[in-house]
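Me: I have a model open and would like to go through a few parts of it with you. Can we start with one helix and then move on to the chains?
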Amino acid sequence: MTLTVVPDSSLLPDLSKVSQVDEVGVNERAARFQTRSIKKESKIEALHMILSMIDLTTLEGQDTSGKVSQLCQKAIHLHNTLPNLPHVAAVCVYPTMVGVAKKALGDHKINVASVATAFPSGMAPRHIKLEETRLAVEEGADEIDMVISRGAFLQGEYGLVFDEIAAVKEACGEAHLKVILETGELGTLDRVRRASVLAMHAGADFIKTSTGKIQPAATLPVTLVMLQAIRDYFYDTGRMVGMKPAGGISTAKLAVHYLVMLRETLGNAWMTPEWYRFGASSLANDVLMQLQKQATGVYQSADYFSKD
Amino acid sequence: MVTSSARIPVEKTYKIYIDGKFPRTESGRYFALKDGAGAVVANICRGSRKDFRNSVVAARKAFAGWSATSAYLRGQILYRIAEMLEGRQDQFVAELVLQGRSKRSAQKEVLASIDRLIYYAGWSDKYQQIFSAVNPVSSSHFNFSVLEATGIVAILAPDDDGLIGLVSNIAPAIVGGNTCVVLASETMPLCAVSFAEVLHASDVPGGVVNILTGFKDELTDQFASHMDVNAVVYADHASAGKIQTKAADNLKRVVARTDNKWTAESAQSPYLISDTQEVKTTWHPIGS
């Protein structure tokens, strides 16, 4: 059995002291980001940036190695007729598909991200979650997307959730850890904020909104609350934490609004794939269609873009 | 006591119809529609290319469901549209009169529009039989061809006949399982907006018919060039060249319906349905 470092729960901050969220204010602020006028050149720049930040995702029970290889091909060849496209940041799959994805991506500089810890519910004993994490990393996953135990969190067992994240972080080794809060199950923005603080203190490299299996998934207000938590954590500790909204961001326009929000909340330092990701399956094609529209002046059809 | 003359007038806002909703144009632009005497009748939305884009998205979303409905149901729904229009005859006559028609010709046009809907409702489960075929082939195959809806039909409605021109082009497109985006007559847009309300009350699913008002000069290019539009129907000679050139990009079906006298019975035909259909041929192996 591998030796595990027992995480130090004393690092867990007093979550009752986490600042309260003004829900009306957050909603109003989030709505404002959608009114910004983006001119053509900035838009093209933003669309490229969005592509480079996408974690191209397939997380279905029906996934086969063929489907995953196809997704990897899509990641490598987004749309060959458009010149100078960036590649996506990562391909996100289940642990059993990591090997397939790794092989399909070959030498391309696209990361493989694997969900772990009994995704999407997180309902499994801790040793199984840790074993799953180690297995995914051994298979070659560069990034691990874990889910927190929402049940425990909602019962107020913060220490347990904290320890679990810390233990998974330790099991990740070199791999980056993204912590999925599953905000759709947390209920209030206050809890989202508290869960964000908890995850960051426990060692998360990224915090992520959702699994994509629960509605509502990512929304602008929820993401704003998490960005603010990241900002305040940075001011407190000097450590940068990344952000990944996931689920429900399927249009380029909405993704641009998320970028506007990122720019106006965390600033330029976070505007790279290293610190910001979109978890999405159908977003890439919509972005490609918009880029093609900008290039040709003609509105596009999904018929002319490869399926992802 | 409040007398009838003291009542505050309630004037109708004419809006566009996208995805089963009545939004204003996203561009916020309007143009004034005037009657014969030069008085403003209404402010009409001057639809933009983005309204058109949104309509196409709605039409695409609605297509899978609508094209999969049974012919019988589509016939029922077309008949339902006719029923709704029948009950609102007076409103449509009044609007046509407001836009310069004589009362008599307006009445004639409204009645012809209702009849046209019923005509195409009747064809819903019959056109397939007359256009389909079993083909003789010299191999051990059972070979047959049937019609399938082409997809999204973009319709530039005729200018002169505000209601019948609109109805005569929408009905054959949707009875065949297509969804459509329509630009209403620029000079007579009132009936188009009211017709959208009729559609809305007739079990036509949202997105199956989307109706915009605005300037043809501005929107024709978009109608002809959008890659997700499968057929474009137009009624005036002036824009023919432009439409055909732009439509070639994704090989849209281009349907010219110029010089039609829309109130005449000769303007209705099952061939108008087959105009926006694709022929699918199947080779089915059979034992020797």
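Me: What follows α5(A), and what is its phi like?
Reply: In this predicted model, α5(A) is followed by Gly140(A), which has a positive phi, near 115°.

Me: And how far apart are the end C-alpha atoms of that helix?
Reply: They are 20 Å apart, which agrees with the 20 Å that the 14 residues of α5 of chain A, residues 126-139, should span at 1.5 Å a residue.

Me: Which residues of α5(A) are buried?
Reply: Lys129(A), Leu130(A), Thr133(A), Arg134(A) and Ala136(A) are the buried ones, and because they cover an arc of only 160° around the axis, they lie on the same side of α5(A). An α-helix has 3.6 residues a turn, so residues three or four places apart point the same way.

Me: What do they pack against?
Reply: The buried residues of α5(A) pack against four elements of chain A, namely α4 (98-105), β3 (111-116), β4 (143-147) and α7 (158-172), while on the other side of the helix His127(A) and Glu138(A) are exposed.

Me: Switching topic, how much area is buried between chain A and chain B?
Reply: About 830 Å² is buried there, with carbon and sulfur atoms giving 50% of it. In chain A, the residues that lose the most area to chain B are Val298(A), Tyr299(A) and Tyr304(A), together 67% of what that side buries.

Me: How many residues are in contact, and how many salt bridges are there?
Reply: Nine residues of chain A are in contact with nine of chain B, and the rule finds zero salt bridges across that interface, although three residue pairs are in polar contact, both residues at pLDDT 80 or more.

Terms used
Residues numbered from 1 in each chain as written. Chains lettered and ligands numbered in written order. Predicted model: local features only at pLDDT ≥ 70, side-chain atom pairs only at ≥ 80, totals over all residues. Heavy atoms only, no water. Helix = DSSP H or I, 4+ residues; strand = E, 2+ residues; numbered from the N terminus. Expected span 1.5 Å × (residues − 1). Buried < 20%, exposed > 50% of the residue type's maximum accessible area, 1.4 Å probe, protein only. Arc of directions from axis to C-beta. Contact = heavy atoms within 4.5 Å. Buried area = accessible area lost by both parts, 1.4 Å probe. Salt bridge = Lys/Arg side-chain N within 4 Å of Asp/Glu carboxyl O. Polar contact = N/O pair within 3.5 Å; in protein donor to acceptor, adjacent residues only side chain to side chain.
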